[in-house]
Amino acid sequence: MTSPDLRHHGDVDAAPGLADFAVNVRVPHPPAWLRERLAAALDELGRYPSHLAELRAREAVARRHGRSPDEVLLLNGAAEGFALLPKLAPRRAAIVHPGFTEPEVAFRDAGIPVDHVLLDGDFTLPERVRSDADLTVIGNPTNPTSVLHEARRIKALPGRLVVDEAFMDAVPGEPESLAHDPDVLVLRSLTKTWGLAGLRAGYLLGDPETLARLAHGRPHWPVGSLTLEAITACCEPEALAQSAEFAKQQQRYAEHALEQLQDFVVVAPNGPFLLIRAPRGTRQALRDKGIAVRRCDTFPGLDDTYVRVAIRPPKEFAVFVDALRVVMEELA
Ligand SMILES: Cc1ncc(COP(=O)(O)O)c(C=O)c1O
């Protein structure tokens, strides 16, 4: 049985009525053009998802990453990809922590032993990691540390590599992405940038043989028509141009957030969230002021002196900064 804490995510912290700095979804709902695309696809719902629509989505993803359509597996969100990983039957999996806990849940539930590669200090990867695991999972940029790891250090990790690039589209130019590398399994999410957390949309990139193993045993019509339409739409050139703009805007927001919170920030952020260090009790005190942040004591390697905060536009973020200042005075 998996510890329930590993299944804790920001959505639980963001209780109704609180200002949400806990969840990392960038926008509260999809942009108007995407809503229109999805609304137009509603007429398709009377039919089963077609092979043609599935192929179209895989082609759009393949074009976006310079891969071929048979190197793409469409998913109901990146989270589904983690649940498929035990099919690769590693003898032992290593997970780089602190990091997203769903891959660990998937392996543990399947009875596969899991080692932790624990990072600390500035949470970057060392040149060499010793482990006898035959599969390693890492997030890049990592949730919750917001560290962007160098691709060459990731490539030096032991065993088959799975890189969770759920937040890579928030990094301008995606410099350390391994989405083009045929030897690595790369997970991507479309739910954060496009406000599609409730729909579920993502994909895996990898070699066709491994993807076939992962897909084996999935139900027929594994991905619904609306998700297929969303994946196609979000990988088209107009969406990519918009996403590149968002990434630059996000970087400006991050610089601003960093300036405001210099004394607390652990690492300069690369993702749309910040890991901050604050006294025990900070999270509850913020909550009492109507502000939700993500607890971090459920991440292996962190404790309750850390919280994760979603980076929002400066005006919105000021609400968090002001509340934190008050809380710091109260706790001093
Ligand atoms: C690092 C990381 N990877 C993957 C996911 C899952 O993304 P999706 O919504 O596409 O399933 C999340 C969701 O919070 C995440 O934080």
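Modeller: First, a definition. Ala, Val, Leu, Ile, Met, Phe, Trp, Tyr, Cys and Pro count as nonpolar, Asp, Glu, Lys and Arg as charged, and the others, Gly among them, as polar. Keep in mind that this model is predicted.

Colleague: How many residues of each class does the shell around the ligand have?

Modeller: The ligand has 14 residues around it. G77, A79, A166, S189 and T191 come nearest. By class, the shell holds 5 nonpolar, 8 polar and 1 charged.

Colleague: Which strands stand at the edges of the sheet?

Modeller: The sheet is open, with 7 strands and mixed pairing. Its order is β2-β8-β7-β6-β5-β3-β4. Each edge strand has a single partner, so one side of it is left without a neighbour in the sheet. The edge strands are β2 and β4.

Colleague: Which residue of β8 is the bridge partner of L75?

Modeller: β2 covers residues 72-75. It pairs with β8, residues 202-205, in the antiparallel sense over 4 bridges. The β8 bridge partner of L75 is G202.

Colleague: At what angle to β2 does helix α7 run?

Modeller: Helix α7 spans residues 208-215. It lies across β2, β7 and β8. Its angle to β2 is about 30 degrees.

Colleague: What do the buried residues of α5 pack against?

Modeller: Helix α5 covers residues 102-109. Its buried residues are E102, P103, E104, A106 and F107. They pack against α4, β3, β4 and β5.

Colleague: Which residue just after α5 takes a positive phi?

Modeller: Helix α5 ends at residue 109. Just beyond, a phi of about 75 degrees appears. The residue is G111.

Terms used: Residues are numbered from 1 along each chain as its sequence is written. This is a predicted model: local features need pLDDT of at least 70, side-chain atom pairs count only at pLDDT 80 or more; totals for chains, interfaces and linings use all residues. A residue is near a molecule or strand if its C-beta atom, placed from the backbone, lies within 6 Å of it. A residue is buried if 20 or more other C-beta atoms lie within 10 Å of its own, exposed if 12 or fewer, and partly exposed in between; C-beta atoms are placed from the backbone. Helices (H or I, at least four residues) and strands (E, at least two) are DSSP runs, numbered from the N terminus. Two residues are in contact if their C-beta atoms, placed from the backbone, lie within 7 Å. Two strands pair if DSSP finds at least two bridges between them. Axes are lines fitted to C-alpha atoms, for helices over the stretch in contact, and angles run from 0 to 180 degrees between N-to-C directions.
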